Amino acid sequence: METIFQFIAVLAILAGTFFSAVGVIGYYRFPDVYSRMNTTGKVGLFGSVLLLIAAALLTPLGWGKATALILFLMLMNPVTTHALASAAYRLGIPMHKPIRDDLAQAADIPPENGD
Amino acid sequence: MDAILTFVLYFALLIHILLAAASIWKVWRGDNIIDRMIGAELTSTFALSVMVIIAIVTDRSIYIDVALGIAALGFISTIALSKYAADEQIF
């Protein structure tokens, strides 16, 4: 049973390192902010969560804390990515070869919200 | 299996430290403010990953608590910085 846990943990660590490396390579290679945010979102979810799965399997007392941190990361990462994308759109940072812009004619985004 | 696990852990630790250094470089030389903020968020995520790997290496679960603190601080600071960058005020 211990050997099975270690085998799964080795696979999870290798997959998490692969996703983190691919995320940073895409962060350097993609042309604009919006497509860079596509890959850096993968680092927060796949890289960290796969490492935490390995930690939950290998540390005997830490599986509860690792599971809580997995749930927190899965709640946290889309919120930060959407906040950064919304801030980039409100600042008027240009897109690279845009096909269409749904936010421009659909809903008026106020420059400052009223609250 | 223990030797393979130890090798993979130290390899992943090295890779994550190099990726964190690459993210800090993009905080210094980014294209615009949102690009630099993505770099700062990535740096905090890699600090979390390094803490998780250290927790596996040393077999102590207290480092997962440190990772939880880093995750909470990164979340709050990214939300506050993006709100400040978009609206030029936090509240």
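In this predicted model, 43 residues of chain A are in contact with 40 residues of chain B. Two residues count as in contact if their C-beta atoms, placed from the backbone, lie within 7 Å. On the side of chain A that touches chain B, the elements giving two or more residues are α1 (2-29), α2 (33-58) and α3 (63-91) of chain A. α3(A) gives the most to that side, with 14 residues. By class, the side has 27 nonpolar, 12 polar and 4 charged residues. Here Ala, Val, Leu, Ile, Met, Phe, Trp, Tyr, Cys and Pro count as nonpolar, Asp, Glu, Lys and Arg as charged, and the others, Gly among them, as polar.

Some conventions apply throughout. Residues are numbered from 1 along each chain as its sequence is written, and chains are lettered from A and ligands numbered from 1 in the order in which they are written. The model is predicted, so local features need pLDDT of at least 70, side-chain atom pairs count only at pLDDT 80 or more, and totals for chains, interfaces and linings use all residues.

**The two chains**

Chain A has 4 helices and 0 strands. Its pattern along the sequence is α-α-α-α. Chain B has 3 helices and 0 strands, and its elements run α-α-α from the N terminus on. Helices (H or I, at least four residues) and strands (E, at least two) are DSSP runs, numbered from the N terminus.

The table sets out the extent of each chain along its principal axes.

| Chain | Box of C-alpha atoms |
|---|---|
| Chain A | roughly 60 × 35 × 20 Å |
| Chain B | about 55 × 25 × 15 Å |

The radius of gyration of chain A is 19 Å, whereas a compact globule of 115 residues would have one near 13 Å. For chain B the value is 16 Å, against near 12 Å for a compact globule of 91 residues. This radius is taken over C-alpha atoms, and the globule rule is 2.2 Å times the number of residues to the power 0.38.

Of the 115 residues of chain A, 37% count as buried. In chain B, buried residues make up 38% of 91. A residue is buried if 20 or more other C-beta atoms lie within 10 Å of its own, exposed if 12 or fewer, and partly exposed in between, with C-beta atoms placed from the backbone.

Contacts also differ in sequence range. In chain A, 61% of the contacts between residues at least 6 apart in sequence join residues at least 24 apart. In chain B, residues 24 or more positions apart account for 45% of the contacts with a separation of 6 or more.

**Helix packing**

α2(A) and α3(A) pack at an angle of about 175°, and their axes are 9 Å apart. α2(A) is therefore roughly antiparallel to α3(A). Residues of α2(A) in this contact include A:V33, A:Y34 and A:M37, and those of α3(A) include A:W63, A:A66 and A:T67. The contact has 17 nonpolar, 6 polar and no charged residues.

Across the chains, α2(A) and α2(B) pack at about 10°, with axes 10 Å apart. α2(A) is therefore roughly parallel to α2(B). That contact has 16 nonpolar, 6 polar and 2 charged residues.

Axes are lines fitted to C-alpha atoms, for helices over the stretch in contact, and angles run from 0 to 180 degrees between N-to-C directions. Angles under 35 degrees count as roughly parallel, over 145 as roughly antiparallel, 65 to 115 as roughly perpendicular and the rest as oblique.

**Core and single residues**

The largest nonpolar core has 50 residues, and A:A54, A:A55 and B:V52 have the most contacts inside it. Elements giving two or more residues to this core are α1, α2 and α3 of chain A, together with α1 (2-28), α2 and α3 (62-87) of chain B. α2(B) supplies the largest share, 13 residues. A nonpolar core is a set of buried Ala, Val, Leu, Ile, Met, Phe, Trp, Tyr and Cys residues joined through C-beta atoms within 7 Å.

Leaving aside neighbours within four places in sequence, A:A55 is in contact with A:G62, A:A66, B:V52, B:A55, B:I56 and B:I64.

B:I53 lies in helix α2 (residues 33-58) of chain B. B:I53 is buried because 27 other C-beta atoms lie within 10 Å. Not counting residues up to four places away in sequence, B:I53 touches A:L51, B:L9, B:A12, B:L13 and B:H16.

B:I54 is also found in helix α2 of chain B. B:I54 is partly exposed, with 17 other C-beta atoms within 10 Å. The C-alpha atoms of B:I54 and B:D65, 11 residues apart along the chain, are separated by 12 Å.
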